[in-house]
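The exercises below are meant for a reader who is meeting this chain for the first time. Please try each task with the structure open before reading its solution.

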Amino acid sequence: MPFLGQDWRSPGQNWVKTEDGWKKTIADDRNNNVSVDSFCKVKEPECFNKENLLLSLNYDMAAKKRKKDLMNNNTKIPYFYREKWIYVHKGSTKERHGYCTLGEAFNRLDFCSAIKDTRRFNYVVRLLELIARSQLPSLSGVAQKNYMNILERVVQKVLDDQQNIRPIKELLQTLYVSLCGLVQDMGKSVLVGNINLWVHRMENILQWQQQLDNIQISRPTPSGMTLTELPASLQLNIMQRLTDSRDLLSLGQVCPELGALTEDRLLWKRLCQYHFTDRQIRKRLLVSDKGQLEWKKMYLKLSRCCPLREQYSDTLHLCTHCHILFWKDTNHPCTANNPESCTTSLSPQDFINLFNF
């Protein structure tokens, strides 16, 4: 069996890559606390004894360990492959051994550029939230570090643009609650890395939450008509294009006129029909004393027990022919040869389920 540790009988050697190839160099005093001469020369017998030798080597190994921990924990090395598409294989074949995991797909796909695209931003944020809820322990150490690096870029983008503040707050809160439970199980192969590293990451999450709370959105200088100056019919038409009830309720708090418009029964009826099926609506019918359906109360009740419909401008797609995962506007070998190849749009939850096998 080979000796895997550092050989205490040798002073150590360094290899340097040159134009002619790799060359062996002797470690000098600048790189090691104990020089080679102190080991080899017999002129100073007090230095050439086993006790001093082991102490010097232990000090050298401790310095190397501190340097390695510094590189692993404190540096933020982004692991971005920036690949436009990847092959998803779920089993071993003669040509390929193993399978593609969620962490591997998360590392290799180009999520770094996706967060800069307005069409894909909400998709990536939702995917990060789903991973934070239940899939974070299944990621490898590299994927977990990549997750935190992407999250930091997402927060920085929100701080710069002052948009999409609410979903990022919800994402950070979900991740913090999950980490509080996972850190307590450290030592059970739940999270990869030192517990101090994850405590430091949790402190960063709290700091990001504080920065988001301190955002002061500057009111733009009016250059034309504002929303409150538009006719009521146009205001109602704009509200009908909102798919989130929280946006509708927030808009109703601007002024009493808009608040009265947000109580329109047609608005809440469209919200119910957009997010829920007819069967779900029939199970939660609420009728007022006047014999009219209470669409707002029905929506609020349905939203507590039924998932809301998710819609994204751009999503990941899976080619059912060649099993390649790619972004919508990215060509892969199958579509290049056959533009009419069968592809399936994947929601964030479908992306997670793709690797649960």
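Helices (H or I, at least four residues) and strands (E, at least two) are here DSSP runs, numbered from the N terminus. The model is predicted, so local features need pLDDT of at least 70 and side-chain atom pairs count only at pLDDT 80 or more, while totals for chains, interfaces and linings use all residues. Residues are numbered from 1 along each chain as its sequence is written, and side-chain values use heavy atoms, with hydrogens and water left out.

**Exercise 1. The loop between α6 and α7**

Task: Find which loop holds glutamine 162, and describe its backbone and exposure.

Solution: Begin with the place, for glutamine 162 lies in the loop between α6 (141-161) and α7 (165-183), and asparagine 164 is found in that loop between α6 and α7 as well. Next consider the backbone: most residues other than glycine have a negative phi. Glutamine 162, although not a glycine, has a positive phi of about 60°, and asparagine 164, also not a glycine, has a positive phi of about 60°. Last comes exposure, where buried means under 20% relative accessible area, exposed over 50%, and partly exposed in between (1.4 Å probe, protein chains only). Glutamine 162 has 29% relative accessibility and therefore counts as partly exposed, and asparagine 164, with a relative accessible area of 35%, is partly exposed too.

**Exercise 2. The open sheet**

Task: Work out in what order the four strands of the open sheet stand, and which strands are at its edges.

Solution: Two strands pair if DSSP finds at least two bridges between them. With this rule the order is β3-β5-β4-β6, and the pairing is antiparallel. The edges are taken by β3 (85-87) and β6 (343-346), each of which has a single partner strand, so one side of each is left without a neighbour in the sheet. Neighbouring strands of this sheet are turned against each other by 25° on average, direction ignored.

**Exercise 3. Strand β4 and its partners**

Task: Follow β4 to its two partners, and decide whether its faces are covered or uncovered.

Solution: Three bridges link β4 (residues 316-319) with the antiparallel strand β5 (residues 324-327), and four bridges link β4 with β6, which also runs antiparallel to β4. Leucine 316 stands opposite tryptophan 327 in β5 and opposite leucine 346 in β6, whereas leucine 318 has leucine 325 of β5 as its bridge partner. Between β4 and β5, which form a hairpin, there are four residues, and histidine 323 in this turn has a positive phi of about 60°. As for the faces, in a regular strand the side chains alternate between the two faces of the sheet. In β4 both faces are covered, with buried Leu316 and Leu318 on one side and buried His317 and Cys319 on the other.

**Exercise 4. The largest nonpolar core**

Task: Name the residues of the largest nonpolar core that touch the most other members, and explain where this core lies.

Solution: A nonpolar core is a set of buried Ala, Val, Leu, Ile, Met, Phe, Trp, Tyr and Cys residues joined through side-chain atoms within 4.5 Å. The largest one has 55 residues, of which Phe111, Tyr147, Leu325 and Phe351 touch the most other members. Its largest share, nine residues, comes from helix α5 (residues 118-135). With domain bounds taken from an automatic or database domain assignment, domain 1 (85-214) and domain 3 (316-345) both give residues to this core, so it lies between them.

Terms used. Axes are lines fitted to C-alpha atoms, for helices over the stretch in contact, and angles run from 0 to 180 degrees between N-to-C directions.
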